[in-house]
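Some questions about a structure are best settled by setting a value beside the definition that it has to meet. The exchange below is written in that spirit.

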Amino acid sequence: MSEQLPLYRTSQVRAMDELASGAFGVPPYELMARAGAAAWRVLQQRWPQVRHLGVACGPGNNGGDGYVVARLARAAGLKVSVVTPPGATPRTAQARQALADWRAAGGTVAPFDGMLPDCEAWVDALYGIGLTRPPSEAAQSMIERINAARVPVLSLDVPSGLDADTGHAAGTAVHASATLCFIAAKRGLYTGMARDFDGEVLLDRLDLKIGAFDDFTPAAWLCRPEGLARWLAPRHANAHKGEHGHVLCVGGEEGMGGAVRLCAEGALRTGVGLASVATRRSGVAALVAARPEAMTHAVEDAAALRPLVERATVLAVGPGLGQGDWGRALFAEALGSGKPLVLDADALNLLANHPVAVPQAILTPHPGEAARLLARDKAAVQADRFAAAEALAQAFQCTVVLKGAGTIVAAPGEIPAVIGAGNPGMATGGMGDVLSGVIGALVAQGLPLFQAAVAGALLHSAAGDAAARVGGERGLLPSDLFPHLRRMANPG
């Protein structure tokens, strides 16, 4: 498995399809036959016990792929039921050919009448990459029936109902057990709402030669844990702590000292040379007792923060900071320091109140914080996470880590990265505080801001997956990540 997978927009994939038929001389129907054969192989490998297969075919080329699957399954001895929305006559020459071949092989097509046959598995070939609107009423009803059947579902290219560019479903979408992408991976399948629908995402390049589409600039990169070693090289034998930077964690208003402690330990477990904490006087004793390796300072005003800022390589600001007079004063001091910043939590809320460009910063918002920073609602952010991340990067002229399922990292002039790790158990308070420390540590160790954001988000998510494998997702605590962070920060 490649450590980085290029992801593309639907317009790019259509252009690749045309290039395959034109410059590479692969007839369109041959591509469709290859797609259907690839899907049939997946069905055989994953669900060999299935004897009655349902295939839901739409009017486009996706439906044509479904007719090919149906024909191959029937030839192998399966009972195959093909169902289409009423009036879903194939629109393209190759889809019409696929239907004709299905019928020539003895297959029949039933228009959907509100009920579906009792099949052991379904192939979803209703829409593919072509949908940018809610499904038709009939197709929506079919999708609901497929989902209600609670049997394995293989979606071809994209679960029907999802927008392949954004991963958003404007209406009902198929809950796939697996999704088989053809030719190239679609960027919308790896983030946000799509992660609830697409199951395991597979890719088949349909025997098109490697490098055939190198002229297409990816719309995003999917970054996987296998790639951590490219950023986290082993240290040389004569290393000393001064080479590994100094993170200053700023936060911990009254009653919120745990947040800044998590941030500091995240930095330490990721290998920073020194970690300091600037916090309220009342929280110092508890933090020193819990984590003596973090140099903890009582800071009651901006003047007391200033000498600590001068000694730091990077500032992680926001965990437990609050939005009162104390938090605002420390945030303003950090913002004017000229030092690299990792801004999270209340630092983001303060920035939203008085927006300014912060080119030296990495912002780490969850969708609600992103919505406040963009002055729009959370639903709009989640409807197109790529657009939201890129809008934040442009508005604040900085690197942005838009957290959530399929975290997106964006920055001006950079191809966005999607983090191919993480799990629902990480949706709990304090995880973002740890992430701030992790990213801050990588900045302190010399990674450029965008690379530190990508590597930090990937390391944090991979550690969360490792912790979930030990004890499960539900009940996962941010502190459960620490032993895994240390281990995975040493991938060599």
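The questions and answers that follow take up the sheet, the nonpolar cores and several helices.

Q: What should be known about the model and its numbering?
A: This is a predicted model, in which local features need pLDDT of at least 70 and side-chain atom pairs count only at pLDDT 80 or more, whereas totals for chains, interfaces and linings use all residues. Residues are numbered from 1 along each chain as its sequence is written, and side-chain values use heavy atoms, with hydrogens and water left out.

Q: What makes S2 and S3 paired strands?
A: Two strands pair if DSSP finds at least two bridges between them, and strand S2 (residues 52–57) and strand S3 (residues 79–84) are joined by five bridges in the parallel sense. Strands here are DSSP runs of E with at least two residues, and helices are runs of H or I with at least four, both numbered from the N terminus. Within this pair, Ala56 stands opposite Val83 of S3.

Q: Why are S4 and S9 said to stand at the edges of the sheet?
A: The open sheet has seven strands in the order S4-S3-S2-S5-S6-S7-S9, with parallel pairing. Strand S4 (109–111) and strand S9 (200–204) each have a single partner strand, so one side of each is left without a neighbour in the sheet.

Q: Why is Asn349 called buried?
A: Buried means under 20% relative accessible area, with exposed over 50% and partly exposed in between (1.4 Å probe, protein chains only). Asn349 has 11% relative accessibility and therefore counts as buried. Asn349 lies in helix H10 (residues 346–353), and, apart from neighbours within four places in sequence, is in contact (heavy atoms within 4.5 Å) with Gln323, Glu369 and Arg372.

Q: How do you know that H9 and H10 are roughly perpendicular to each other?
A: Helix H9 (residues 325–335) packs against H10 at an angle of about 80°, with the axes 10 Å apart. Angles of 65 to 115 degrees count as roughly perpendicular, under 35 as roughly parallel, over 145 as roughly antiparallel, and the rest as oblique, so H9 and H10 are roughly perpendicular. Gly327, Arg328 and Phe331 of H9 make the contact with Ala347, Leu350 and Leu351 of H10.

Q: How does the span of H3 agree with what is expected?
A: The expected span is 1.5 Å times one less than the number of residues. For the 15 residues of helix H3 (residues 61–75) that should be 21 Å, and the end C-alpha atoms are 21 Å apart, which agrees. Among the buried residues of H3 are Tyr67, Val68 and Val69.

Note on methods. Axes fitted to C-alpha atoms, helices over the stretch in contact; angles between N-to-C directions.
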